[in-house]
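Here is a friendly walk through how two chains meet. Have the structure open as you read.

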There are 2 protein chains.
Amino acid sequence: MNDFTKRIPDATVRRLSLYLRFLEDFGRSGVTSVASEALAERGGATAAQVRKDLSYLGSFGKRGLGYSVAELTGVLRGVLGLDSVWRVALLGAGRIGTALFEYEPFRARGFNITTVIDNDPCKVGSHLGDIRIRGEDELECALRDDAIDLVIVAVPAVVAQGLVDRVVTAGIKAILNYAPTQLRLPDDVALRNVSMLVELESLSHALTRRTG
Amino acid sequence: MNDFTKRIPDATVRRLSLYLRFLEDFGRSGVTSVASEALAERGGATAAQVRKDLSYLGSFGKRGLGYSVAELTGVLRGVLGLDSVWRVALLGAGRIGTALFEYEPFRARGFNITTVIDNDPCKVGSHLGDIRIRGEDELECALRDDAIDLVIVAVPAVVAQGLVDRVVTAGIKAILNYAPTQLRLPDDVALRNVSMLVELESLSHALTRRTG
């Protein structure tokens, strides 16, 4: 991994994810090179933004010829860590957790949910796909034995922080949080929040403002 | 709706959603007033940030006494548009769409999914909960007849823009997008994107950077 990738801003990383998606689509359609304008068009961004985002990755593309779809796809996969298989533990086997578990693109991208934890005694011991659901008392040993890299939190808000404290103590450095609460974490743990309600309420706020 | 609510920044609106969640928790625990410090503590923000966010709503709280939980809950519900029932159409009855449909907090917040559209002939005519799934050819008449306010897009990326163009032409002004694509929309349509993969890839980027 090149040293300059240490400095890519979060917003750029998110757009790189989108560009990768578009490049894969282009690749499947047999397109071998694309101009920044084509990526911008798909992404609702400007060509200048695309060029600036990709400049974090080094020097690509030839003036007038655009970017090689195969080359840029490979570089983006590397930068986004998709050349590795990541071992993921899912905390919470409720509706959200189950939908995430079954979401096929996660696995296709190398995010392999190997471990599922729930505190419901009726769920513990039953299976999600081919994974046996384990109880919360097994959290630490499961994270260790399954060599977990990344934890997805899909438990109710009230229990999230307590579980996450244990996850952090166990040495996990990346957490994807679906619980509707702001988690407190040490600075060296990467956290991303996905909220089902916050985005929806931001829209109802916009609608209210419109009709108010 | 007061005029000053027109100017609340997006990031603040998102935090207001979180504060509302915390206030409801406090209310259920029998707490009647809270200091900005308590909201900050729950939200991982600073008390100054909380006070600044709430200042957009007017003048609340008494120095030394904090905020009335009931009053602030009511104000936030109003600002976030949660005193209304919003009629929601779901485009796409796949795994994500089904999980969203079954996500109980949506309904509890007044987001009522009355309409489900899918293009799979095997799904059209069958039911999701008590809603009959309708075909894409019924999109325009369903949006009109069901008086839809807000559309959730949970279809594959390749078909999303085409469907959304029809949704916009039908007059819908708020779209929550789960499709992994950047939608192009007129400025007067509110759009929020929720990505399953972008956040996860942002974490694998962080892990790669760490170990690279």
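Across the interface of chain B and chain A, 14 residue pairs are in polar contact, both at pLDDT 80 or more (a pair of N or O atoms within 3.5 Å; within protein, one must be able to donate a hydrogen and the other to accept it, and residues adjacent in sequence count only if both atoms are side-chain atoms). On the side of chain B that touches chain A, α9(B) gives the most, with 15 residues. Helices (H or I, at least four residues) and strands (E, at least two) are DSSP runs, numbered from the N terminus.

This is a predicted model: local features need pLDDT of at least 70, side-chain atom pairs count only at pLDDT 80 or more, and totals for chains, interfaces and linings use all residues. Residues are numbered from 1 along each chain as its sequence is written, chains are lettered from A and ligands numbered from 1 in the order in which they are written, and side-chain values use heavy atoms, leaving out hydrogens and water.

Six salt bridges are counted between chain B and chain A (a side-chain nitrogen of Lys or Arg within 4 Å of a carboxyl oxygen of Asp or Glu). R14(A) and E199(B) meet in a salt bridge through their side chains, at 2.5 Å, N to O.

Contact here means heavy atoms within 4.5 Å.

| Chain | Residues in the contact |
|---|---|
| chain B | 63 residues |
| chain A | 63 residues |

Chain B can be laid on chain A by a turn of 180° and a shift of 0.0 Å along the axis, with an RMSD of 0.0 Å (least squares on the C-alpha atoms of residues with pLDDT of at least 70 in both). That is the relation of a two-fold axis. In chain B, the C-alpha of A99(B) is nearest the axis, 3.0 Å from it.
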